Amino acid sequence: SGINAEYWHYYITNNLREELDVMSTEKKKGGGFLARKAKKAESEKVPDQTDYEKKLRNKDSVSVDDILKLTRITEDYLCPISANTYKIDFTKFKIRDMESGGVLFEIAKPEGGSEMSLSSDPNAGRYVRYEFPPEFLKLKQIGATVEFTIGEKPVNSFRMVERHYFKDQVIKSFDFDFGFCMPSSLNTCEHIYDLPSLSQDLMREMVQNPFQTKSDSFYFVDGKLVMHNKADYAYNAGM
């Protein structure tokens with residue numbers, strides 16, 4: 001069943017444009033645990049992630065294979081904001097429970113608005129903090145709908161890899177291919193997330209340790225990392 005709206009509390013530190021999960025121009029179903037090259041990536045995980053991240057930040061181009069070798073949440077962003085040369089801009093975002101159809105939350109960028117924050121932190125718009133009720137962890141499937149615009153350059157082979165961690169252990173990963181987005185276009189898409197089944201002990205620990213659940217969202221165009229956003233989560237709202 002859906003979650004009572006009174007329990008929802010959504011913290012956002014900056015504008016919508018850099019955080020919302022990038023979606024494609026068509027409605028597609030995807031998600032689940034990373035299938036492509038997962039076994040290979042598992043065997044190639046790096047022993048010292050701090051040094052590995054430094055190497056990635058110095059690379060001309062960060063690939064999906066590079067990302068799949070990460071063993072925990074990243075310490076810093078792996079690409080600058082300026083890497084988004086395609087001017088991908090998110091304007092609306094909605095999450096719903098697929099079982100009940102109930103809208104869990106919805107947010108929209110003010111019409112005609114640009115920046116949503118006066119923060120001097122150049123990375124503030126890339127980080128979001130969420131607080132959800134414990135019931136969220138029992139959901140089996142959610143739909144995330146976004147509306148976004150593209151700049152004057154076409155976007156080819158658009159892809160997102162999103163990895164969720166609890167205390168530096170991967171608990172779920174998602175991999176979406178979005179295909180092609182036309183230049184100067186307005187796009188709306190819903191992606192379906194099949195959420196993993198969590199043990200009662202793990203759910204209890206996640207509820208008792210707010211904001212120890214974190215995620216990295218990596219966005220690629222033509223195999224090159226162009227956006228990297230972060231979030232953390234609490235599951236004790238309403239308690």
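Colleague: What makes arginine 96 and glutamate 190 a salt bridge?

Modeller: In this predicted model, the closest N and O atoms of arginine 96 and glutamate 190 are 2.6 Å apart. A salt bridge requires such a nitrogen to lie within 4 Å of a carboxyl oxygen, so the pair qualifies. The two residues belong to distant parts of the chain: arginine 96 is in strand S3 and glutamate 190 in strand S9, 94 residues apart.

Colleague: Why is glutamate 190 called buried?

Modeller: The relative accessible area of glutamate 190 is 6%. Buried means under 20%, and therefore the term applies to glutamate 190.

Colleague: What makes arginine 129 and aspartate 232 a salt bridge?

Modeller: Their side chains meet at 2.8 Å, N to O, and the cut-off is 4 Å, so this pair also counts as a salt bridge. Arginine 129 lies in strand S5 and aspartate 232 in strand S11, 103 residues apart.

Colleague: Why does arginine 129 count as partly exposed, and why is aspartate 232 called buried?

Modeller: Arginine 129 has 29% relative accessibility. Partly exposed covers the range between under 20% and over 50%, so arginine 129 belongs there. Aspartate 232 has a relative accessible area of 3%, which is under 20% and therefore buried.

Colleague: Why does aspartate 201 count as exposed?

Modeller: Aspartate 201 has 55% relative accessibility, and exposed means over 50%, so the term fits. Its side chain meets that of arginine 204 in a salt bridge of 2.9 Å, N to O. Both residues lie in helix H4, 3 residues apart, about one turn of the helix.

Conventions:
Residues numbered from 1 in each chain as written. Predicted model: local features only at pLDDT ≥ 70, side-chain atom pairs only at ≥ 80, totals over all residues. Heavy atoms only, no water. Helix = DSSP H or I, 4+ residues; strand = E, 2+ residues; numbered from the N terminus. Buried < 20%, exposed > 50% of the residue type's maximum accessible area, 1.4 Å probe, protein only.
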